[in-house]
Amino acid sequence: MVWSPHRPWWERYQPVSYKLISRSGSEQEFADMVERCNKVGVRIFVDAVINHMTGDSGIGVGIADSTFNTYEQSYPAVPYSIHDFNSKEKCGTQSGNIENYNNVNEVRNCRLVSLLDLDQSKSWVKDRIRDYLNHLIRLGVAGFRVDASKHMWPDELKAIVESLNDLPETHFGAGQRAFVFTEVIDMGGEPITKYEYTGIGRVTEFLYGMKLGEVFRRWNNQKLEYLQFFGESWGMLPSGYAWTFVDNHDNQRKHGGGGDMVLTFWEPRVYKMANAFMLAWPYGYTKVMSSYYWYPREDTDVGPPADSYGNTNTVPINDDGSCGGNWACEHRWRQIRNMVAFRNLVHGTAVENWWGRGDQIAFSRGRKGFLAINNDYSQTMSGEFYTGLPEGFYCDCISGDMLGSGDNAYCTGQTLSVNSMGRTHINIRSDSENPMIAIHVDYKL
Ligand code: QV4
Ligand code: CA
């Protein structure tokens with residue numbers, strides 16, 4: 001446990017053992033959550049920290065009461081000993097830490113910010129990691145985000161992933177494999193690239209959120225209309241390999257690069273626009289961020305809402321479905337939640353009816369969905385637009401929800417009428433709180 005600063009969020013990224021006990025609860029509680037989620041079609045993916053153990057902080061104890069000693073490089077609860085870590089000789093830097101990101105060996109064989117670096121070429125290490133991940137698979141998790149993948153050799157990581165058991169047939173059907181996505185920050189300019197990891201699974205595409213932030217902030221003369229070919233031609237991975245997000249837990253608090261371009265829940269209006277675009281756009285495998293508010297904002301160490309000891313609080317759900325207790329829960333914001341449904345619905349259709357004028361865009365996804373965004377700072381977006389949708393009345397899923405069903409269905413937001421030509425009249429003021437419209441065939445009244 002880290003007490004200085006007081007139980008920071010990043011404590012989790014310093015494992016002491018592979019016991020499933022954390023500030024969020026016990027193994028039993030974890031298993032119960034996974035089981036309940038699987039029952040309602042929600043899959044759980046575990047953030048697997050397998051590149052390293054704790055920082056070189058001396059002697060300490062983890063949250064599950066396991067001890068460690070970094071002078072001796074020993075973690076008896078796994079167990080790992082000095083033989084399981086990359087030596088200073090193998091690393092080659094004075095400090096034993098990564099000092100130069102242009103040196104591939106350093107990045108993979110030295111310590112990331114002093115975190116004791118496991119040697120995944122050793123079969124003992126590979127097997128301990130395999131057992132840990134298989135344990136999670138047995139409990140019903142569907143896959144893994146592999147933390148700090150850039151700091152592991154792709155072939156060694158691949159061998160670990162290939163050694164894993166199939167997912168349990170009871171929950172996933174026969175012969176299903178864990179869904180793996182690797183965390184590799186590559187924004188160009190370093191010898192290690194995201195392309196080295198595509199043989200393992202999906203790979204983080206950090207350019208995506210950066211570029212989207214730049215466009216929606218209108219920085220560097222960017223305009224929404226340039227998004228027409230947003231994807232591989234912008235220097236990003238082929239769509240089928242990319243794992244995309246507007247922000248993540250690091251860059252929303254300026255850890256791990258990304259700078260001021262990245263959009264976060266602290267700027268909700270433009271954040272909702274960027275997420276709506278991401279979810280409507282057929283590129284990559286999308287991730288929606290879900291966060292907590294922290295104060296003061298400059299303090300990037302503040303952990304999640306917790307009791308004085310540091311145990312994470314339960315998330316209270318308000319009557320309107322939003323979260324209380326300082327949890328931001330972006331995934332529950334109507335504009336984002338409804339665009340997730342939009343994405344699932346239009347899956348497999350192409351972008352059609354593209355229209356772009358400066359910072360105003362509109363497009364359809366085949367004949368199933370239509371999105372219009374007005375990010376202009378002063379001009380109203382108004383006129384007749386091709387939606388690609390069949391004639392009828394539609395409930396805009398940005399301004400409201402469609403409730404009830406059949407003849408009793410009604411819209412809590414604005415209703416749009418699509419004529420027999422597939423055209424509709426839209427009017428989006430530039431100062432609207434949600435300057436967007438999204439309609440789809442599941443929201444046909
Ligand atoms: C500090 C100094 C070191 C010094 C050391 C001495 O920075 O130079 O040698 O003390 O003891 C925390 C502290 C950090 C401290 C370190 C070790 O913030 O100051 O080192 O602990 O005690 C998260 C946080 C880090 C945190 C780490 C471990 O972001 O701040 O470090 O957890 O608790 C690169 C990588 C990429 C990485 C990204 C942040 O390529 O893989 O940096 N992203 C992932 C996770 C991220 C996590 C880690 C990797 C590490 O997304 O959340 O780091 O598991 O780009
Ligand atoms: Ca390493």
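These legends walk through several close-up views of a predicted model.

**View 1. The whole chain, before zooming in.** The chain holds nine helices and 20 strands. Along its principal axes, the C-alpha trace spans about 75 × 45 × 45 Å. How does the radius of gyration compare with that of a compact globule? For 445 residues the globule value would be near 22 Å, and the chain comes in at 24 Å, which agrees. Buried residues account for 53% of the 445. If you look at contacts between residues at least 6 apart in sequence, 66% of them join residues at least 24 apart.

**View 2. The calcium ion (ligand 2) and the residues that hold it.** Here the calcium ion (ligand 2) is coordinated at 2.4 to 2.6 Å. Asn-51 offers its OD1 atom, Arg-108 and His-151 each offer their O atom, and Asp-117 is listed twice through OD. Written along the sequence, the spacing of these donor residues is N-x56-R-x8-D-x33-H. Two of them, Asp-117 and His-151, link distant parts of the chain, 34 residues apart. Asp-117 belongs to strand β5 (residues 115-117), while His-151 sits in the loop between β6 (143-146) and α5 (154-162). Are these two buried or exposed? Both Asp-117 and His-151 are buried.

**View 3. The second largest pocket.** This one has a volume of about 200 Å³. Its lining is made up of 15 residues, and the closest to the centre are Gln-252, Lys-254, Thr-264, Trp-266 and Arg-297. What sort of residues make up the lining? Sorted by class, there are seven charged, five polar and three nonpolar residues.

**View 4. Helix α7 and its cover.** Helix α7 is mostly covered, with ten of its eleven residues buried. Among the buried ones are Phe-206, Leu-207, Tyr-208 and Met-210, along with Leu-212, Glu-214, Val-215 and Phe-216. Two glycines, Gly-209 and Gly-213, are on the buried list as well. What does the covering? It includes the strands β8 (202-204), β9 and β13 (369-374), plus the helix α8 (268-280).

**View 5. Ile-185 and the residues it touches.** Find Ile-185 in the loop between β7 (179-182) and β8. Leaving out neighbours within four places in sequence, Ile-185 is in contact with Lys-150, Thr-204, Phe-206 and Gly-256. One of these partners, Phe-206, is also among the buried residues of α7. Now look back along the chain to Phe-172: it is 13 residues from Ile-185, and the two C-alpha atoms are separated by 31 Å.

**View 6. Two cis peptide bonds, each leading into a proline.** One of them joins Val-78 and Pro-79, with omega about -5 degrees. Pro-79 is part of the loop between β4 (67-69) and α2 (88-91). Another joins Tyr-295 and Pro-296, with omega about -10 degrees. For Pro-296, the place to look is the loop between β10 (285-287) and α9 (334-346).

**View 7. Asn-221 and Cys-329, a pair of residues with positive phi.** Asn-221 has phi near 60 degrees, a positive value in a residue other than glycine. You'll find Asn-221 in the loop between α7 (206-216) and β9 (242-245). Cys-329 isn't a glycine either, yet its phi is positive at about 50 degrees. This cysteine, Cys-329, lies in the loop between β10 and α9. Which side of the surface story does each one fall on, buried or exposed? Asn-221 is exposed, as its relative accessible area is 63%. Cys-329 is buried, with a relative accessible area of 5%.

**View 8. Arg-332 in the loop between β10 and α9.** That loop is where Arg-332 lies. Arg-332 counts as partly exposed because its relative accessible area is 33%, and the partly exposed class runs between 20% and 50%. Setting aside neighbours within four places in sequence, Arg-332 is in contact with Ile-317, Gly-321, Cys-323 and Arg-337. How far is Arg-332 from Asp-320, twelve residues apart along the chain? Their C-alpha atoms are separated by 9.9 Å.

Notes
Residues numbered from 1 in each chain as written. Chains lettered and ligands numbered in written order. Predicted model: local features only at pLDDT ≥ 70, side-chain atom pairs only at ≥ 80, totals over all residues. Heavy atoms only, no water. 1 Å grid on protein atoms, 1.4 Å probe; cavity = no way out; pocket = protein on both sides within 12 Å on 5 of 7 lines; lining within 4 Å. Points joined across faces, edges and corners; volume = space filled by probe spheres on them. Nonpolar A, V, L, I, M, F, W, Y, C, P; charged D, E, K, R; others polar. Donors = N, O, S within 2.8 Å, 3.2 Å for Na, K, Ca; no water. Helix = DSSP H or I, 4+ residues; strand = E, 2+ residues; numbered from the N terminus. Buried < 20%, exposed > 50% of the residue type's maximum accessible area, 1.4 Å probe, protein only. Rg over C-alpha atoms; globule rule 2.2 N^0.38 Å. Contact = heavy atoms within 4.5 Å.
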